[in-house]
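Trainee: Could you take me through one part of this model closely, namely the salt bridge and its surroundings, and set it in the context of the chain?

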Amino acid sequence: MIALTIRLVVSLAIVVGLLIVLARVGSKRFAGQRGDLVHVVHRQALTRTSSVAVVTVGSRVLVLGTTEQQVQLLTELDPDELELVEEPAVPLEGDPSTDGAPVRPGPTSVGSLSGSVLSPATWRQAVAAVRRAS
């Protein structure tokens, strides 16, 4: 029984280690370089096949609608309008600054681990949800 538990823990550690290594290698491989002319600032899926993307091309900021068949320019923003907002700290229950209002999660940073179980932001959101539920 102990040998089986040890094998299980070692196997799990190997799998988690491989996931972390693959996430880091993937983020380096698919991340754009600093000097790139085109940079995707944010992408939001609307349906399974369509999405809206905010892209910078040089000094221009474009909002693009994308589907499987086409990419269409929706609008162009002023570069001053594009401000990346940091994720606000989620206040603890009983915090007087919330006045009992439900706390809505703020925008999250865009990254290779964003939204995955390996992302620290995901764990912070889960802990905040558990605290609000209890």
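Mentor: What follows starts with the chain as a whole, turns to the salt bridge, and ends with a buried residue and a surface patch.

This is a predicted model, in which local features need pLDDT of at least 70 and side-chain atom pairs count only at pLDDT 80 or more, while totals for chains, interfaces and linings use all residues. Residues are numbered from 1 along each chain as its sequence is written, and side-chain values use heavy atoms, with hydrogens and water left out.

The protein chain holds 2 helices and 4 strands, in the order α-β-β-β-β-α from the N terminus; helices (H or I, at least four residues) and strands (E, at least two) are DSSP runs, numbered from the N terminus. Of its 134 residues, 13% count as buried, where buried means under 20% relative accessible area, exposed means over 50%, and partly exposed lies in between (1.4 Å probe, protein chains only).

A search of the whole structure finds 1 salt bridge, a term that stands for a side-chain nitrogen of Lys or Arg within 4 Å of a carboxyl oxygen of Asp or Glu. The partners are E76 and R60, whose closest N and O atoms are 2.9 Å apart. E76 belongs to strand 4 (residues 71-77) and R60 to strand 3 (residues 60-66), so the pair ties together parts that are 16 residues apart in sequence. In general, side chains of opposite charge can pair when their charged atoms come close. Both ends are partly exposed, E76 with a relative accessible area of 40% and R60 with one of 43%.

A buried residue can be set beside this pair: T56, in strand 2 (residues 51-57), has a relative accessible area of 16% and is buried. Leaving aside residues up to four places away in sequence, T56 touches L37, V38, H39, V41, V61 and L82, a contact being heavy atoms within 4.5 Å.

On the surface, I2, I6, V10, I14 and L18 make a nonpolar patch of about 510 Å². Patches are made of residues with over 30% relative accessible area and no salt bridge, like charges being joined within 9 Å and nonpolar side chains (Val, Leu, Ile, Met, Phe, Trp, Tyr) within 5 Å; accessible areas come from the Shrake-Rupley method with a 1.4 Å probe, and for residues only the protein chains shown count as cover. One of the patch residues, V10, lies in helix 1 (residues 2-30) and is partly exposed, with a relative accessible area of 44%.
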